[in-house]
Amino acid sequence: AEIEHLKLLIAKLRRMQFGRSSEQMNEMLGQLELSLEELETLRAETPTEAAAPADTNDEAPPPRKPLPEHLPRDIEEHLPSACDCPACGGTLKKLGETVSEMLEYVPASFRVIRHVRPKFACSRCDTIAQANAPARPIARGLAGAGLLAHVLVAKYCDHLPLYRQSAIYAREGVELERSTLADWVGQCNALLRPLVQALRKHVLSATKLHADD
C-alpha cells in the first residue's frame, strides 16, 4: 500500500514539476524515488508465501514487456546430455525448440585503436609514400571520439563528476587523472561551440521561451 501511495504521489509531483519551485520539487521527487526504491527492494528480498486457493481470482500480473528488438542477440544452444533416447536408446531427431530470452549486461570496456600507416618506397626514384594520419577530435590527444562522448554524457547527463569518473576508470586499470578529463571537457566545449551556437539561434528564434529562475 505504501508503494502504491508513493507511486501516486510521485506521478502527481511530476505533473506539478514545472513551476516557480521546480528545484525544490526535483529534490522532493529524488527523495521519494529513493524511498520507493528502498521499499521495492525490501519487498523483493522478503520471501513470499505460496498463494492460497482463494487467491486464484486475483488479477494476473501485467504482461512483461518484450526485450527491445534492436539489442544484439547471442544464441546459446543447450543440447541434451545424451545423443540417444534416454528411454529406449533410439536416435533422436529434432522436433522443435523452446526459446527464452535473458537480458544481460556486458560491462563497458576500453579499447586501444592502433593506427598503422605503412611506408612505401618507389623502386625507381626512392620517393616515399604514406597515408595521412587520421584526424583526432583533440589535436595530439589520446582520447577517441567515443571516449570523449562517454565522458561528456556521464558528466552532464548522468551528473557524474570527473573525480568519480577517474575512480571508475581506475578500476579498469586505466589511470585518467581528473585534470586530464577536465582538459578533455574544456577542449570538447570549444569543439562543440558551433553546435551550441546553432542550438542557441534555433531556441531564441521562437516567440516565447520558458526557463527557470
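This briefing covers the fold, surface and pockets of the protein. The model is predicted: local features need pLDDT of at least 70, side-chain atom pairs count only at pLDDT 80 or more, and totals for chains, interfaces and linings use all residues. Residues are numbered from 1 along each chain as its sequence is written, and side-chain values use heavy atoms, without hydrogens or water.

**Fold and surface**
- The protein has six helices and two strands (DSSP runs: helices H or I, at least four residues; strands E, at least two; numbered from the N terminus).
- From the N terminus, the order is α-α-β-β-α-α-α-α.
- Of the 213 residues, 12% are buried (under 20% relative accessible area, 1.4 Å probe, protein chains only).
- The accessible surface is about 19,700 Å² (Shrake-Rupley method, 1.4 Å probe). Carbon and sulfur atoms hold 56% of that surface.

**Largest pocket**
- A pocket here is an open set of points on a 1 Å grid over the protein atoms alone where a 1.4 Å probe fits, with protein on both sides within 12 Å along at least five of seven lines; lining residues have an atom within 4 Å of a point.
- The volume of the largest pocket, the space filled by probe spheres set on the points, is about 1,400 Å³.
- The lining has 29 residues; Asp74, Ile75, Glu76, His78 and Ser100 lie nearest the centre.

**Second largest pocket**
- This pocket has a volume of about 590 Å³.
- Its lining has 20 residues, with Arg111, Ile113, Leu142, Ala143 and Gly144 nearest the centre.
- Helix H3 (residues 145-156) gives the most to this lining, with three residues.

Notes: Buried < 20%, exposed > 50% of the residue type's maximum accessible area, 1.4 Å probe, protein only.
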